[in-house]
Amino acid sequence: MDKSFAKLPPKPVSHLKLITHWLIALVTIAIIIWSCTGINFGGIKQTAAQIAGAIFAGIFHPDWSYIYNGSGEDLVSQLWETICIAFLGTFISAIISLPFAFWAANTRHKKWYASRSGKIVLAVIRSFPEIVLALMFIKAVGPGSAAGVLALGFHSVGMLAKLFSEAIENLEDGPNEAVTSVGGSKFNTIMFSTMPNLMPALISNTLYRFDVSIRSASILGLVGAGGIGYPLIIALQYRQWDRVGVILVGIIIMVVIIDWISGWIRKKLV
């Protein structure tokens, strides 16, 4: 019998690793149970079924006259404003995120604390929800789309810079070393090696963030930061279910179309 086909002895089971896995599982289960006990669930209200039925009735019988009437307050105008808020917020944050990304990338600094400080700053920026930022900017610049753009732009910097820094860390060192070996400066290395290799990841992550910003911009209007959220909350308060229905249908169509377009572009870049 050929010895090359002989069965290898099984690897010894690490009892320490097995115990560690069981401890992690038990701690996770305990945290889930503890989290459930902290939720005060008062039960489903008696009017829940009636309201849900009214919303579904509004979806199937929408207010078609609200789609477009030329007033600037119709569905098409509000959806377009939502897209503009998301686009401008993402575009501004993508530009601002680049220097933060190089600051947070641990492959660009000789000292470990340099990149660590950048990661901490980005974590602090991401800790502010868009709604809170929108309320703050509404106090600064007044209600409207400008507050929504600033809120999305500020919050997106934290997420985009984190994704950009990870893409920088995953780049190969060969092209950078080639530029340096022929006498290129650090600026030449960034412009002629790092950025061209980084561009597909930058565009892909920016498109992904734009998808998220579209959904966020639809919500920011609830607090007066422009977009489709404001007419939605007004229609809900006045129980205009046919208008609620057409707004929800418009949001769904907008999100699906933009998700399909951005997904198609990302596939072309990969």
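**Close-up views of a predicted model**

**View 1. The largest nonpolar core of this predicted model has 29 residues.** Within this core, L75, I214, I247 and I251 have the most contacts. Six helices each supply at least two of the core's residues: helix 3, helix 5 (130–141), helix 6 (145–169), helix 8 (186–220), helix 9 (229–237) and helix 10 (241–269). Helix 10 gives the largest share, eight residues.

**View 2. A second core lies apart from the largest one.** This other core has twelve residues. Among them are A105, L171, L198 and L202.

**View 3. I247 and its contacts beyond the local sequence.** Neighbours within four places in sequence are left aside here. I247 is then in contact with Y66, L75, I228, P231 and L232. Both I247 and L75 are among the residues with the most contacts inside the largest core.

**View 4. A nonpolar patch on the surface.** F87, L88, F91, I92, I95 and I96 make this patch. Its area is about 560 Å². F91 sits in helix 3 (residues 75–104). F91 is partly exposed, with a relative accessible area of 47%.

**View 5. Two segments that UniProt lists under "transmembrane region".** The unreviewed entry gives residues 20–41, 48–67, 79–105, 219–238 and 244–265. Over residues 219–238 the model is 55% helix and 0% strand. The end C-alpha atoms of 219–238 are 18 Å apart. Residues 244–265 are 100% helix and 0% strand. For 244–265, the end C-alpha atoms stand 32 Å apart.

Terms used: Residues are numbered from 1 along each chain as its sequence is written. This is a predicted model: local features need pLDDT of at least 70, side-chain atom pairs count only at pLDDT 80 or more; totals for chains, interfaces and linings use all residues. Side-chain values use heavy atoms; hydrogens and water are left out. Patches are made of residues with over 30% relative accessible area and no salt bridge: like charges are joined within 9 Å, nonpolar side chains (Val, Leu, Ile, Met, Phe, Trp, Tyr) within 5 Å. Accessible areas come from the Shrake-Rupley method with a 1.4 Å probe; for residues, only the protein chains shown count as cover. A salt bridge is a side-chain nitrogen of Lys or Arg within 4 Å of a carboxyl oxygen of Asp or Glu. Helices (H or I, at least four residues) and strands (E, at least two) are DSSP runs, numbered from the N terminus. Buried means under 20% relative accessible area, exposed over 50%, partly exposed in between (1.4 Å probe, protein chains only). UniProt positions are given in the numbering used here, feature names are shortened, and annotations may be inferred rather than shown by experiment. A nonpolar core is a set of buried Ala, Val, Leu, Ile, Met, Phe, Trp, Tyr and Cys residues joined through side-chain atoms within 4.5 Å. Contact means heavy atoms within 4.5 Å.
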